[in-house]
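Biologist: Could you walk me through this one? I'd like to hear how each label is earned.

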2 protein chains.
Amino acid sequence: MTTQPTNPIIILVDPQLGENIGAAARAMFNLGLDELRLVKPRDGWPSLAADKNSAGALAQMQPVQVFETLAEAIADLHYVMAATARPRDMLKPVYTPKSGIEECRTRAAEGQKIGWIFGPERMGLINDAIAKSHGVITIPTNPDFSSLNLAQSVALLAYEWLRGDDDIPDKVLDPGDSFPVEQKKLEEFLTRLEDELETKRFFRTEEIRPTMKRNIRNMFTRADLTDQEVRTLHGMVSALIEQRKPPEPK
Amino acid sequence: MTTQPTNPIIILVDPQLGENIGAAARAMFNLGLDELRLVKPRDGWPSLAADKNSAGALAQMQPVQVFETLAEAIADLHYVMAATARPRDMLKPVYTPKSGIEECRTRAAEGQKIGWIFGPERMGLINDAIAKSHGVITIPTNPDFSSLNLAQSVALLAYEWLRGDDDIPDKVLDPGDSFPVEQKKLEEFLTRLEDELETKRFFRTEEIRPTMKRNIRNMFTRADLTDQEVRTLHGMVSALIEQRKPPEPK
């Protein structure tokens, strides 16, 4: 198929507090996922607590769908991952978020509809629910303290999904209205700086001079200075070398 | 240096609600970071609300250190990253979490002590604080809804840090007490299955038979069956072919 890969659908199974549903909605929508399904929310739906805790996410996302059973909630999906601790007594591939989400991306790119199921707070998914998934994603946590909350588990997987979307440049240095300095202007400044330092007898010995000069040049070059910044540096040097007396103490 | 890379230190600047400090502590400790510093927490420290919301993390982590100024909080560190939206009117390299954390890992491996600073809830870091950092990490969020909360920002960066720690196998299939079936036993089962299907005239035409057989074999082989599962399959086939009458309706 040549459809655009669609984002995964988040499915909360037996969620308890509305607050946590709201927090999960906020987290997923922050990271660009907007389709949430609920299976048997304990405190009913809609939920004022959820709305409040979603910080406006629920109002902007696609309308939440509520189902009586997990089977119904995943009926139209092609591939389901269970976000939970490694299951005992059940043969299921257990993925890291990295590799599990990669698998989801590959399938989504083929036009498959992907769902991620999350269990109720504190308890995680029961085996019957895990059995309905194609694989398990276990978020690696501190073995001494692994109480990752629901919204955070949702956020981490959504982040991992988003992370694979590599349009964003790894590093950006935005000079705003200013522009990187022309190298000749940098050179002018560095030459002037060296001259001033010579005048002040900064370079104590002949042996050390070349190395020190190189280090100074290197430092200022590495800083990727703008035009404006070089002007500022000139001003600073001018100020520093001025032989004005300090103001009288009042 | 040959020291073990130490984990980054989380620094919350001007945090407001104790609840949010607690949630941040819980998130970071879940993901294995245990050193938290606070700069001028608005509601004072220690905080009952923080303790409660940390779900026990604050009691198990290293004792939280509190500072009057950011300068003091980062005094012993070598490299500081500011987690915040892309700053305006300030020339600072802006990293994705991926590349920013990679930079931190490289430096930590050289023995540098790393800090990540986070601003107060809703507001983010002010420019004076950002100026004290070596770079900015901006978590890519939904442009229409970017209200990522403090604990979640902490969790995502901690996750990214942990993620680079590549000891964890990408995919694990743990057969528990059971063991992958010997291929000859799988072959026995597949042969039997084919025989039974022949008997039932499942393969309608000669032309289609080889392809169908291959597809069936492929399906069962791909499933990476265990010994026990193959025994179960035998039982299922036996049950299915049995010519017993259905029980009388009561």
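Modeller: Here is a run of questions and answers on burial, salt bridges and the contact between the chains. Keep in mind that this is a predicted model.

Biologist: Let's start with A:Glu160. Where is it found, and what makes it buried or exposed?

Modeller: A:Glu160 is found in helix H7 of chain A, residues 150-163. Its relative accessible area is 4%, and buried means under 20%, so A:Glu160 is buried.

Biologist: How do you know that B:Arg163 forms a salt bridge with A:Glu160?

Modeller: The closest N and O atoms are 2.6 Å apart. The rule wants a side-chain nitrogen of Lys or Arg within 4 Å of a carboxyl oxygen of Asp or Glu, so the pair qualifies as a salt bridge. In general, side chains of opposite charge can pair when their charged atoms come close.

Biologist: Why is the link between A:Glu160 and B:Arg163 also called a polar contact?

Modeller: That label has its own cut-off, N or O atoms within 3.5 Å. The two side chains are joined at 2.6 Å, so the distance fits that limit. Leaving aside neighbours within four places in sequence, A:Glu160 is in contact with A:Pro97, A:Lys98, A:Ile101, B:Tyr159 and B:Arg163.

Biologist: How many salt bridges and polar pairs are there between chain B and chain A?

Modeller: The count is two salt bridges. Twelve residue pairs are in polar contact across the interface, both residues at pLDDT 80 or more. H7(B) gives the most to the side of chain B that touches chain A, with eight residues. By class, that side has 25 nonpolar, 14 polar and 13 charged residues.

Biologist: And how much area do chain B and chain A bury between them?

Modeller: About 4400 Å², with 56% of it on carbon and sulfur atoms. B:Asn30, B:Leu91 and B:Phe145 supply 17% of the area that chain B buries against chain A, more than any other three residues. In terms of contacts, 52 residues of chain B are in contact with 52 residues of chain A.

Biologist: Now helix H1 of chain B. What makes it largely enclosed?

Modeller: Eleven of its 13 residues are buried, so H1(B) is largely enclosed by the rest of the structure. Among the buried ones are B:Gly18, B:Ile21, B:Arg26, B:Phe29 and B:Asn30. The cover over the buried residues includes H7 of chain A, and from chain B it includes strands S1 and S2 and helices H2, H3 and H7.

Biologist: How do you know what span to expect for that helix?

Modeller: The expected span is 1.5 Å times one less than the number of residues. For H1(B), residues 18-30, that gives 18 Å. The helix reaches 18 Å from its first C-alpha to its last, close to what is expected. Just after H1(B), B:Gly32 takes a positive phi of about 95°.

Biologist: Which salt bridges does B:Arg209 form?

Modeller: One is with B:Glu198, at 2.8 Å from N to O. This pair links distant parts of the chain, with B:Arg209 in helix H9 and B:Glu198 in helix H8, eleven residues apart. B:Arg209 also forms a salt bridge with B:Glu206, the closest N and O atoms being 2.4 Å apart.

Biologist: Why do B:Arg209, B:Glu198 and B:Glu206 get their burial labels?

Modeller: B:Arg209 has 17% relative accessibility, and the buried class is under 20%, so B:Arg209 counts as buried. B:Glu206, at 55%, is over the 50% mark and therefore exposed. B:Glu198 has 28%, which lies in between, so B:Glu198 is partly exposed.

Biologist: What about A:Arg209 and A:Glu206 in chain A?

Modeller: Their side chains meet in a salt bridge of 2.4 Å, N to O. A:Arg209 counts as buried at 17%, whereas A:Glu206 counts as exposed at 54%. Chain A also holds a network of salt bridges linking A:Glu35, A:Arg37, A:Asp76 and A:Lys113. Over all chains, the search finds 26 salt bridges.

Biologist: Last one: why is A:Gly56 called partly exposed?

Modeller: Its relative accessible area is 28%, between the 20% and 50% limits, so A:Gly56 is partly exposed. A:Gly56 is found in the loop between helix H2 and helix H3 of chain A. Leaving aside neighbours within four places in sequence, its contacts are A:Asp51 and B:Phe145.

Key. Residues are numbered from 1 along each chain as its sequence is written. Chains are lettered from A and ligands numbered from 1 in the order in which they are written. This is a predicted model: local features need pLDDT of at least 70, side-chain atom pairs count only at pLDDT 80 or more; totals for chains, interfaces and linings use all residues. Side-chain values use heavy atoms; hydrogens and water are left out. Helices (H or I, at least four residues) and strands (E, at least two) are DSSP runs, numbered from the N terminus. Buried means under 20% relative accessible area, exposed over 50%, partly exposed in between (1.4 Å probe, protein chains only). A polar contact is a pair of N or O atoms within 3.5 Å; within protein, one must be able to donate a hydrogen and the other to accept it, and residues adjacent in sequence count only if both atoms are side-chain atoms. Contact means heavy atoms within 4.5 Å. Buried area is the accessible area (1.4 Å probe) that two parts lose on being put together, summed over both. Ala, Val, Leu, Ile, Met, Phe, Trp, Tyr, Cys and Pro count as nonpolar, Asp, Glu, Lys and Arg as charged, and the others, Gly among them, as polar.
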